[in-house]
Amino acid sequence: MKEVIVVIRKSPFNTTRNSEALRMCVGLTLEEDNKVTAVLLGDSAYLLLENNPELVSSGIIQKHIETIKLLKHRVVVEKEAFERLDKGHVKYKDLEIMDQSQIAEFISTGDVVITY
Amino acid sequence: MEKLGILLTTSTESENTHTVVKLTEAAINEGVEVDIFLMCDGVYHLNHEELKGLADKGARVVVCAHNAIERKVDKKDFVTWGSQYDLACMVKECDRFLAFN
């Protein structure tokens, strides 16, 4: 089993790369020995809000996050970033929330870490 | 033989290109097998001479066909026209994996 951690750091409002990072997370699950975790740091936490990425010519977001969770892989969000969100607009339930020090420790356990 | 996996998602003007080229050359010279996966703007390296040179030296280059088609980049003989599944396998099989984003 390989612990594969994909760290997403940028705001989804400034780049289409977040959608690509999430697509990559879904793709990484295709090899059953990969245990994939998407870690949302900083402004990438805005990915968890209701959104319409097509309005800014961005790719799919919601379906990728739902697929990662459906396949029993993980989505972790930074506590400090999550606290800045309007919880009434957070799209997902049962999110894993870790503070920065827990995330740092978790990342150090990864076999493969991909930052995006 | 040890295997090094490399993910390259930036286009050819990034300093990542030079780093990946030199790192791959050094690894091959040390007898390490190198797999390179190109996605996002990294697919523009299909038109990059130095990257073709890496394939000539023995590196296996795989491109995300979805991203290449999006960017209207033509298929080349020296690359495998692949998918995210190829990346998943590469991540699983390599001893070390480096991402250049």
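**Two chains and the helix between them**

Of the 101 residues of chain B, 44% count as buried. Before going further: this is a predicted model, and everything I say is computed from it.

I'll stay with chain B for a moment. Chain B has 4 helices and 5 strands, and from the N terminus on they run β-α-β-α-β-α-β-α-β. A compact globule with 101 residues would have a radius of gyration near 13 Å, and chain B comes out at 12 Å, which agrees. Taken along the principal axes, the C-alpha atoms of chain B fill a box of roughly 35 × 25 × 25 Å. Now the contacts in chain B with a separation of 6 or more: 66% of them are accounted for by residues 24 or more positions apart.

Now chain A. Its secondary structure comes to 4 helices and 5 strands, and the order from the N terminus on is β-α-β-α-β-α-β-α-β. The radius of gyration of chain A is 13 Å, close to the 13 Å from the globule rule for 116 residues, so chain A is as compact as a globular protein of that length. Its C-alpha trace spans about 40 × 30 × 25 Å along the principal axes. Of the 116 residues in chain A, buried ones make up 34%. For contacts in chain A with a separation of 6 or more, residues 24 or more positions apart account for 75%.

Next, the interface. How many residues does each chain put into the contact? Chain A contributes 16 residues and chain B contributes 12 residues. On the chain A side, the elements giving two or more residues are β1, α1 and β5, the last being residues 112-115. Of these, α1(A) gives the most, with 6 residues. By type, the side of chain A that touches chain B divides into 7 nonpolar, 3 polar and 6 charged residues.

That makes α1(A) the element to look at. Helix α1 of chain A covers residues 17-28. At 1.5 Å a residue, its 12 residues should span 16 Å, and the end C-alpha atoms are 16 Å apart, which agrees. Is α1(A) mostly covered or mostly open? It is mostly covered, with 11 of its 12 residues buried. Among the buried residues are A:R17, A:E20 and A:R23, along with A:L22, A:M24, A:V26 and A:L28.

What do these buried residues pack against? Within chain A, the partners are β1 (2-8), β2 (34-40) and α2 (62-70), and from chain B there is α4 (84-93).

Let me take that last partner separately. Two packed helices are described by the angle between their axes and the distance between the axes. Here α1(A) and α4(B) pack at an angle of about 65°, and their axes are 8 Å apart. The crossing of α1(A) and α4(B) is right-handed. On the α1(A) side the contact is made by A:R23, A:M24, A:G27 and A:L28, and on the α4(B) side by B:Q84, B:Y85, B:L87, B:A88 and B:V91. Those residues divide into 6 nonpolar, 2 polar and 1 charged.

Last, three loop residues in chain A. The backbone of two of them stands out. Most residues other than glycine have a negative phi, and most peptide bonds are trans. A:K72 is not a glycine, yet it has a positive phi of about 70°. A:K72 sits in the loop between α2 and β3, where β3 is residues 74-78. A:K72 is exposed, because 9 other C-beta atoms lie within 10 Å and the cut-off for exposed is 12 or fewer.

The other one is A:D94, also not a glycine, with a positive phi near 55°. A:D94 is in the loop between α3 (79-82) and β4 (96-98) of chain A. A:D94 counts as exposed too, with 6 other C-beta atoms within 10 Å.

The third residue is A:Y46, in the loop between β2 and α2 of chain A. Is A:Y46 buried, exposed or partly exposed? It is partly exposed, with 19 other C-beta atoms within 10 Å, where 20 or more would make a residue buried. Leaving out residues up to four places away in sequence, A:Y46 touches A:S11, A:P12 and A:F13. The C-alpha atoms of A:Y46 and A:V90 are separated by 8.7 Å, with the two residues 44 apart along the chain.

Terms used. Residues numbered from 1 in each chain as written. Chains lettered and ligands numbered in written order. Predicted model: local features only at pLDDT ≥ 70, side-chain atom pairs only at ≥ 80, totals over all residues. Expected span 1.5 Å × (residues − 1). Contact = placed C-beta atoms within 7 Å. Axes fitted to C-alpha atoms, helices over the stretch in contact; angles between N-to-C directions. Left-handed = near helix turned anticlockwise from the far one by under 90°. Nonpolar A, V, L, I, M, F, W, Y, C, P; charged D, E, K, R; others polar. Rg over C-alpha atoms; globule rule 2.2 N^0.38 Å.
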